[in-house]
Amino acid sequence: MRDLNTIHTTDKYNFTLVDGNRKIKSVKIKILSDSIKKYGLFNPINVNRKGYILDGQHRYLSCKALGIPVKYIISDINVSNKELVSLIRDINSVQTNWNNKDIGYAYSIHADNKESYEKYLELVNMGVSHSTVIEACGMLSKGDRKAKSCYIDFKNGTMIITDGVKYRVSGQIKMLADSKIDKKVWNRIYFIRALLKLRQQKDFEAYQFIDNFNKYPQKWMPAYTVNENINSIIKMHNHKARSKAKYYFT
């Protein structure tokens, strides 16, 4: 390849996508192609000496789809494929165009504990938020010494989701998804924290709360903090119930 720190142009599409980078999105290629066709490629792609794309895979594929030359810059980076994915993830994690699902996917390809990130993706793909999964994994992993799940663990690639934790979290998600509770209510961090705290109490039964909510949805009080959600959940749990929860965490 040519000199470093110089913008080069080629009409040969022989660069290589890195396995573990974000999944290719056809919609993004279409949007970029329309822009590049109209204005040209202003931001060159970044590749290493071996031709692996470090930044700009969608721009590269857009130019290829249009059949126009690709502008590129060579970075003097010579690392293994596993380290290459880490580099790409680190580059993009400080930018807004990489979301948590993208980071999770990258770790699911080359991380030593990639199975945990595969479990994370399965849980997120149930239609819940990143925060819901992390909070549920963290609180439902108590007693499981092998489990390791918090926001920092996720970002650092050290998260561990055991089969038992995944089973409990997926059951929790399915229980809420099958209820009549609006997803905008239960798929929020404060609701999840409140419900999981209450599940630690012996006199609180999650299914009793769900059953009451399904019967008396009009009794639900809007809540916006953990304590407010705890209060609302407890009142719904106790409504016309023989077995009542007598206290809640603060």
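# A guided tour of the predicted model

The structure holds nine salt bridges. The model is a predicted one, and the tour below visits three of these pairs after the sheet and the helices that pack around it have been located.

## Stop 1: the sheet

Select strands β1, β4, β2 and β3, which in that order form an open sheet of four strands with mixed pairing. The edges are β1 and β3, each of which pairs on one side only. On average, neighbouring strands of this sheet are turned by 45 degrees against each other, direction ignored.

Begin at the β1 edge. Strand β1 (8-10) runs antiparallel to β4, and three bridges join the two. To find the register, display H8, which stands opposite Y72 in β4.

Next, select β4 (residues 70-75) together with β2 (residues 45-48): these strands run parallel and are joined by four bridges. Continue to β3 (residues 53-55), which pairs with β2 in the antiparallel sense over two bridges.

Which residues stand opposite V47 on its two neighbouring strands? In β4 the partner is I74, and in β3 the partner is I53. Displaying V47 with I74 and then with I53 is a convenient way to follow the pairing from strand to strand.

Now display the turn that connects β2 and β3. The two strands form a hairpin with four residues between them. Within that turn, G51 has a positive phi of about 90 degrees.

## Stop 2: helix α2 on the sheet, and its crossing with α1

Add helix α2 (residues 57-66) to the view. This helix lies across β2, β3 and β4 and runs at about 115 degrees to β3.

Then add helix α1 (26-39). Two packed helices are described by the angle between their axes and the distance between the axes. For α1 and α2, the axes come within 9 Å and cross at roughly 65 degrees, and the crossing is right-handed. To see the contact, select K28, I29, L32, S33, I36 and K37 of α1 with H58, R59, L61, S62, C63 and L66 of α2. By class, this contact has six nonpolar, three polar and three charged residues.

## Stop 3: a salt bridge within α1

Stay on α1 and select K30 and D34. They form a salt bridge in which the closest N and O atoms are 2.7 Å apart. Both residues lie in helix α1, four residues apart, or about one turn of the helix. Are these side chains buried, exposed or partly exposed? K30 is partly exposed, with a relative accessible area of 49%, and D34 is likewise partly exposed, at 41%.

## Stop 4: helices α4 and α5

Move to helix α4 (residues 100-110) and helix α5 (residues 114-124), whose axes come within 7 Å and cross at roughly 145 degrees. The crossing is left-handed. The contact involves N100, K101, G104, Y105, Y107, S108 and I109 on α4, and K114, Y117, E118, Y120, L121 and V124 on α5. Coloured by class, the contact shows seven nonpolar, three polar and three charged residues.

## Stop 5: a salt bridge between distant parts of the chain

Remain on α4 and select D102, then R22. Side chains of opposite charge can pair when their charged atoms come close. Here D102 forms a salt bridge with R22, with 3.9 Å between the closest N and O atoms. The pair links distant parts of the chain: D102 lies in helix α4, and R22 lies in the loop between β1 and α1, 80 residues apart. D102 counts as buried because its relative accessibility is 8%, under the 20% limit for that class. R22 also counts as buried, at 10% relative accessibility.

## Stop 6: D178 and K174

Select D178 and K174, whose side chains meet in a salt bridge (2.7 Å, N to O). D178 is exposed, with a relative accessible area of 54%, while K174 is partly exposed, at 49%.

## Stop 7: R193

Finish on helix α10 (residues 189-198), where R193 is located. Its relative accessible area of 29% makes R193 partly exposed. Which residues does R193 contact, leaving aside its neighbours within four places in sequence? The contacts are E135, M139 and V226. For the last of these, display the C-alpha atoms: R193 and V226 are 6.5 Å apart in space, although 33 residues apart in sequence.

Key
Residues numbered from 1 in each chain as written. Predicted model: local features only at pLDDT ≥ 70, side-chain atom pairs only at ≥ 80, totals over all residues. Heavy atoms only, no water. Axes fitted to C-alpha atoms, helices over the stretch in contact; angles between N-to-C directions. Left-handed = near helix turned anticlockwise from the far one by under 90°. Contact = heavy atoms within 4.5 Å. Nonpolar A, V, L, I, M, F, W, Y, C, P; charged D, E, K, R; others polar. Salt bridge = Lys/Arg side-chain N within 4 Å of Asp/Glu carboxyl O. Buried < 20%, exposed > 50% of the residue type's maximum accessible area, 1.4 Å probe, protein only. Pairing = 2+ DSSP bridges.
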